[in-house]
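Good morning, colleagues. Please bring up the sequence and the coordinates on your screens before I begin.

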Amino acid sequence: MSTAGSRLRAAVVGGGFMAEVHSRAARAARAELAGIVSSTPERSAAAAERLGIGRAYASLDELLADDSIDVVHVTTPNALHAEQASAVLAAGKHVVCEKPLATTTADAEALVAAARGRTATVPFVYRFHPMVREARARFASGAAGRVLTVSASYLQDWLLASGDDNWRVDSAQGGRSRAFADIGSHLVDLVEFVTGDRVTRVSATKKTVFTERAAHSSITTEDAVAVVIETAAGAIGTLLVSQVAPGRKNRLLLEIAGSEESVGFDQEQPETLWVGRRRGSLLVPRDADQLSEDAARLCVVPSGHPQGYQEAFAAFVADTYAAVAGEEPDGLPRFTDGLRAVRITDAVIDSAESGTWIGLEQNA
Ligand code: SOE
């Protein structure tokens, strides 16, 4: 472990787009990026060079044998998360594991058990947009009233054509669900995070547009999924999740109607929060002076200087590292939240395959 008072030493497993996002966020959180490992020594060396990381480990075992590493970021394909995050925890290190935490509920439950006493987080990073925290604060304070309805969607278009392909398409690498596990997990996490409510049952239908893609055939994972939800507080709602929606690049849209106010958040326009009222609806700007304390703490530049995805990611990693140092930051998505999202994903796919409503325990 790093010596007390010195900078946290972090390492990254994986060499793709998310490894790059995690490494930028780790540096912004003032960690020392001690090393990286990818699927082969050659890919490890290439990733180390591309990301400006000093050391390329030959294997995950070699990385985990390095006692100077405090925290490991797992950014590999979903099917590797359980084995790799377990190995990190067994080596006595803290862990950040990309979502979905695991491809099965059983694996996610085992990871939660293995993580006890350790800092183990999952990057549901959209919780770290200040205006999401403002929306959450309006429900927590009662200003928005009782949750009545949820209308939410998360639309992308990067898999729109049959020529588009990615490991997530392959159930062997990504799990039985693709679109919902990959991005629906973010959406449903936000619904429960902002409202403080819990989904109690789901009814879903899913669609696989292409069963053949550039590098995969006999594809069963879904391109799009529509879900009706009911919640413990008696709310109802709809979630549409698609990776074949032309023109929508990363458009997470959340609109929640309370008995007093609605809140509307668009991840592609994160500098404002729409607050809907019978009279006097308004657009709240990201101005720390006008926000709740939890939202204001996430404002790192003044209003008018747009904050975005990478700042949200940096705030997530900074809060993870604060937890490693013994603090308890509000709203930090831990392995228990990752397990929750895996359970809901399982319920959504079970419902789509059975054509029935599927119930969810509220406290799991
Ligand atoms: C691809 O759909 C992806 O990179 C997701 O894996 C991320 O979790 C999401 O934040 C952006 O899109």
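I shall speak about the ligand and its surroundings, then about aromatic pairs, and finally about two points in the backbone.

Please bear in mind throughout that this is a predicted model.

Let me start with the ligand site. The space that the ligand takes is the largest pocket. Which residues surround the ligand there? They are Phe17, Lys99, Tyr126, Tyr154, Gln156, Trp158, Arg168, Asp182, Ile183, His186, Gln243 and Asn250. Sorted by character, the shell consists of five nonpolar, four polar and three charged residues. As to secondary structure, the element that gives the most to this shell is helix α8, residues 179-195, with three residues.

I turn now to polar contacts with the ligand. The side chain of Tyr126 places an N or O atom 2.6 Å from an oxygen atom of the ligand. For Lys99, a polar side-chain atom lies 2.8 Å from a ligand oxygen atom. Gln156 also takes part, with a side-chain N or O atom 3.1 Å from an oxygen atom of the ligand. How much of the ligand's accessible area does the protein cover? On its own the ligand has 310 Å² of accessible area, and the protein covers 89% of this.

Next, the aromatic rings. A pair of such rings is described by the distance between the centres and the angle between the planes. The count for this model comes to five aromatic pairs. One of them is formed by Tyr126 and Tyr154: the ring centres are 6.1 Å apart and the planes stand at 75°, so the pair is edge-to-face, given that angles over 60 degrees are classed in that way. This pair links distant parts of the chain, 28 residues apart. Tyr126 belongs to the loop between β5 (120-121) and α6 (130-140), whereas Tyr154 is in strand β6, residues 147-155. Both tyrosines also appear among the residues surrounding the ligand.

Finally, the backbone. Where does a cis peptide bond occur? Such a bond joins Lys99 and Pro100, with omega about -10°. Pro100 is located in the loop between β4 (94-97) and α5 (105-114), and Lys99 is the residue already mentioned for its contact with a ligand oxygen atom. The second point concerns Arg30, a residue other than glycine with a positive phi, near 65°. Arg30 is placed in the loop between α1 (17-28) and β2 (32-37).

Thank you for your attention.

Terms used. Residues are numbered from 1 along each chain as its sequence is written. This is a predicted model: local features need pLDDT of at least 70, side-chain atom pairs count only at pLDDT 80 or more; totals for chains, interfaces and linings use all residues. Side-chain values use heavy atoms; hydrogens and water are left out. A residue is near a molecule or strand if one of its heavy atoms lies within 4 Å of it. A polar contact is a pair of N or O atoms within 3.5 Å; within protein, one must be able to donate a hydrogen and the other to accept it, and residues adjacent in sequence count only if both atoms are side-chain atoms. Accessible areas come from the Shrake-Rupley method with a 1.4 Å probe; for residues, only the protein chains shown count as cover. On a 1 Å grid over the protein atoms alone, a cavity is a set of points where a 1.4 Å probe fits but cannot get out, and a pocket is an open set with protein on both sides within 12 Å along at least five of seven lines; lining residues have an atom within 4 Å of a point. A molecule sits in a cavity or pocket if more than half of its atoms lie within 2 Å of its grid points. Helices (H or I, at least four residues) and strands (E, at least two) are DSSP runs, numbered from the N terminus. Ala, Val, Leu, Ile, Met, Phe, Trp, Tyr, Cys and Pro count as nonpolar, Asp, Glu, Lys and Arg as charged, and the others, Gly among them, as polar. Rings of Phe, Tyr and Trp (its six-membered ring) pair if their centres lie within 6.5 Å; planes under 30 degrees apart count as stacked, over 60 as edge-to-face and the rest as tilted.
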